[in-house]
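Visitor: I would like a close look at a single part of this model, namely the enclosed space inside it and whatever surrounds that space. Please take it slowly and keep the description connected.

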Amino acid sequence: MSKTPEELLQIHYHPPKHDWMDPSIDFEARRGTWSYPGGVKSLEYLGLPNPREWSPTDEDWKLPPNWQEIVHRGFKDLLTKYRSLRIFMDCCVRCGACADKCHFFIGSGDPKNMPVLRAELLRSVYRKDFTTAGKILGRAAGGRALTIDVIKEWFYYFYQCTECRRCSVFCPYGIDTAEITMAARELLNLLGININWIVEPVANCQRTGNHLGIQPHTFKDNVEFLCEELEDITGIHVDPPINKKGAEILFIMPSADYFADPGIYTFMGYMLLFKYLGLDYTLSAYASEGGNFGLFLSRDTAKRLNYKMYAEAKRLGVKWILGGECGHMWRVVNQYMDTMNGPADFLEVPRSPVTGTVFENAASTKMVHICEFTADLIHHGKLKLDPSRNDWARVTYHDACNPARAMGLLEEPRYLLKHAVNHFYEMPENTIREQTFCCGAGAGLGNDENIDMRMRGGLPRANAVKYVHEQHRVNLLTCICAIDRAVLPTLMDFWVPGVRVSGIHELIGNALVIDGENERTTNLRGEPLHGEGEVSDDV
Amino acid sequence: MSLQTQLTPMLDDIRRRWIELIFATYPSDASGFLSREKDQFANPVGFAIRQATATLLDSVVTGRSEHTAEALDQIVRIRSVQDFTASAAVSFVFLLKQAITDVAGELVAKDARAWLELDERIDGLALEAFDVFMQCREQLFTIRLAEQDRWNASARLKRQRGLPVSPSGMHGTGRKEHPRR
Ligand code: SF4
Ligand code: SF4
């Protein structure tokens with residue numbers, strides 16, 4: 001029988017108040033908020049534990065018989081290796097400052113998406129198994145036994161954290177929930193619990209050098225194809241060197257930039273800039289990925305994928321590495337690479353061949369972010385830019401979590417935009433810079449089966465875009481992260497139709513006045529420069 | 001005096017009660033936050049509910065409906081991707097009935113005919129909300145398809161130019177092996 005409105009009210013008026021410690025997730029009812037598990041072939045390829053066919057909706061997740069012991073040992077191991085983890089486990093005072101700062105909580109209203117409770121999922125087990133009080137008092141001391149349902153709950157909620165670190169900005173103790181999530185995923189991984197949108201790219205990357213599994217001939221083919229498109233538009237012939245030994249600089253970009261829309265236009269921007277400068281650089285068909293999905297799986301896989309950048313730099317004999325517009329790549333480079341595979345003593349401290357600027361900040365990693373590089377060029381008056389070529393765009397800027405919070409790259413992108421466009425509008429203060437809201441799809445969660453969760457998590461970001469869209473008729477959301485470029489267009493389609501997404505070097509490419517070019521009648525996307533989208537009067 | 005006129009001074013209270021009831025459809029730890037945090041960027045869900053309920057209440061009382069679609073969309077779009085079943089997602093409209101009877105029960109009881117009219121308008125709103133809900137869910141599917149297309153842009157462009165395309169794709173799209181649905 002159908003329910004009367006009154007009955008509906010009865011049911012949903014006061015939602016059942018579960019004790020938060022009691023885990024149980026109905027995965028079937030919650031499709032759209034979790035990701036498919038890692039495929040057997042990828043797990044086998046990577047030599048990861050317990051490859052098998054399974055689904056979160058199964059009652060039996062086919063875990064090894066001694067799974068509890070495996071997790072316990074793994075946990076102990078992590079606590080010994082990372083003092084920070086033990087501190088994070090011990091020092092939270094539950095002040096709640098982080099509680100309402102997570103985009104997933106804000107968008108979903110699910111209390112377990114509060115960072116403090118997310119961490120508590122792991123911490124409660126820690127307390128029970130690794131503290132004296134917990135061992136004796138159990139639940140009374142906030143401890144909780146490790147059951148299969150706890151493991152299922154970990155899978156659900158630690159794959160609902162994008163490791164964006166917004167919460168840690170507000171924590172008085174600097175507790176980094178992203179690292180707690182990483183630890184939890186590391187433990188789950190020991191049981192063969194992970195997701196395909198991470199495992200498959202990692203396996204691809206280990207095999208072919210990039211997440212998409214693109215082989216060298218296809219890499220070359222794609223690069224050439226995009227350069228032809230670029231030549232059609234600008235009249236400038238670009239022929240980027242690939243695997244050129246002895247080049248001064250190795251340029252590494254996220255693979256989506258030579259494959260997916262709208263990253264491919266950012267790629268065209270890079271190519272045009274390097275041509276303009278006459279840069280002595282090379283691309284690599286092996287270091288053909290800046291991103292590192294290994295980071296979202298385990299420290300070991302992060303290290304493996306990161307290593308190929310150095311190995312390739314060494315093989316090609318370059319002096320230093322220039323990196324493209326990528327997000328988590330810079331978290332790895334800036335925070336982990338040095339201790340994982342560095343220091344890269346065989347490389348030189350990066351020095352711009354155009355301006356002579358020495359990038360002391362990259363003295364150890366030998367890797368410079370392209371926004372720093374280009375900002376330095378503009379600062380020294382080395383680029384001729386015509387921002388009116390971007391007048392079709394009314395622009396705002398989304399700080400990608402990792403460049404902003406893990407690297408402090410806040411000013412350079414804005415400086416570039418200031419010189420490349422005429423109409424720029426910031427989103428509200430509490431949604432940008434260090435406080436930026438995540439796209440809702442980082443850390444491997446950008447897959448399509450997770451779409452409901454992405455829309456929830458992306459709501460705070462989209463909401464701020466909507467504001468500038470309504471106030472200033474903003475129609476272009478710029479970013480310097482390949483995941484953003486992949487997922488933000490979808491987020492905009494749902495929440496703020498009429499706003500498109502681009503990288504910053506796409507706009508640099510549009511604005512760059514280069515000798516011998518055709519008169520530009522279109523932007524790099526092949527759309528008329530003075531089209532419908534243009535609104536000339538300022539508001 | 002018509003019921004509508006008599007209700008006018010009570011509209012703020014009715015709306016406040018309605019908002020309270022809607023917030024209570026969220027888990028208790030969240031409903032506190034929804035009502036406490038007033039910043040529209042820190043709390044977009046609470047803000048949308050506060051803003052849209054004003055428009056919707058106005059339309060129910062006055063019968064004017066210029067902005068109802070927009071206001072419904074503001075709330076339903078959010079609830080369409082949250083942990084609600086379809087019925088629960090749109091049930092917030094019916095909560096207005098409870099809000100009115102909670103605040104102005106005596107008045108309403110006295111004028112059954114006028115109440116019937118309001119009651120029907122609220123039912124109409126609920127039906128409309130259901131349409132919006134369906135549109136949002138459908139849209140989720142279309143944007144997923146558009147996304148796959150973007151993620152294979154270079155292949156699409158090559159195809160348009162009549163060039164051969166090699167089989168690889170943004171991760172997930174070329175996924176041969178994945179669990180049964
Ligand atoms: S790191 Fe980001 S996604 Fe994870 S709990 Fe903190 S705010 Fe939420
Ligand atoms: S802000 Fe820090 S100390 Fe406070 S509850 Fe959150 S994690 Fe714990």
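Guide: In this predicted model, the count of cavities of 30 Å³ or more comes to nine. The largest cavity holds about 180 Å³ of space, and its lining is made up of 20 residues, among which A:T162, A:C401, A:N402, A:G442 and A:A443 lie nearest the centre. Three elements of chain A give two or more residues each to this lining, namely helix 15 (328-340), helix 17 (401-406) and helix 20. The largest share comes from helix 17 of chain A, which supplies three residues. Sorted by class, the lining of the largest cavity divides into 11 nonpolar, six polar and three charged residues. Both domain 1 (40-194) and domain 2 (202-511) of chain A take part, each giving at least three residues to the lining of the largest cavity.

Helix 20 of chain A, one of the elements that line the largest cavity, leads on to a sheet. This helix, residues 482-495, lies across strand 6 and strand 7 of chain A and runs at about 165° to strand 7. Those two strands belong to an open sheet of three strands in chain A, which has the order 5-6-7 and parallel pairing. Its edges are strand 5 (395-397) and strand 7 (500-503) of chain A, each of which pairs on one side only, and the twist from one strand to the next averages 35°. Strand 5 of chain A is joined by three bridges to strand 6 (residues 476-479) of chain A, and these two strands run parallel. Within that pairing, A:V395 has A:L476 in strand 6 of chain A as its bridge partner.

Helix 20 of chain A also supplies at least two residues to the lining of the second largest pocket, as do helix 19 (451-472) of chain A and, from chain B, helix 4 (44-62) and helix 5 (68-80). About 630 Å³ of space lies in this second largest pocket, which is lined by 27 residues, with A:N463, A:K466, A:E470, B:Q51 and B:Q74 nearest its centre. Helix 19 of chain A gives the most to that lining, with seven residues, and by class the lining of the second largest pocket comprises 13 nonpolar, eight polar and six charged residues. Helix 20 of chain A is thus named in the lining of the largest cavity and in that of the second largest pocket.

Definitions and conventions: Residues numbered from 1 in each chain as written. Chains lettered and ligands numbered in written order. Predicted model: local features only at pLDDT ≥ 70, side-chain atom pairs only at ≥ 80, totals over all residues. Heavy atoms only, no water. Pairing = 2+ DSSP bridges. Helix = DSSP H or I, 4+ residues; strand = E, 2+ residues; numbered from the N terminus. Axes fitted to C-alpha atoms, helices over the stretch in contact; angles between N-to-C directions. Contact = heavy atoms within 4.5 Å. 1 Å grid on protein atoms, 1.4 Å probe; cavity = no way out; pocket = protein on both sides within 12 Å on 5 of 7 lines; lining within 4 Å. Points joined across faces, edges and corners; volume = space filled by probe spheres on them. Nonpolar A, V, L, I, M, F, W, Y, C, P; charged D, E, K, R; others polar. Domains from an automatic or database assignment.
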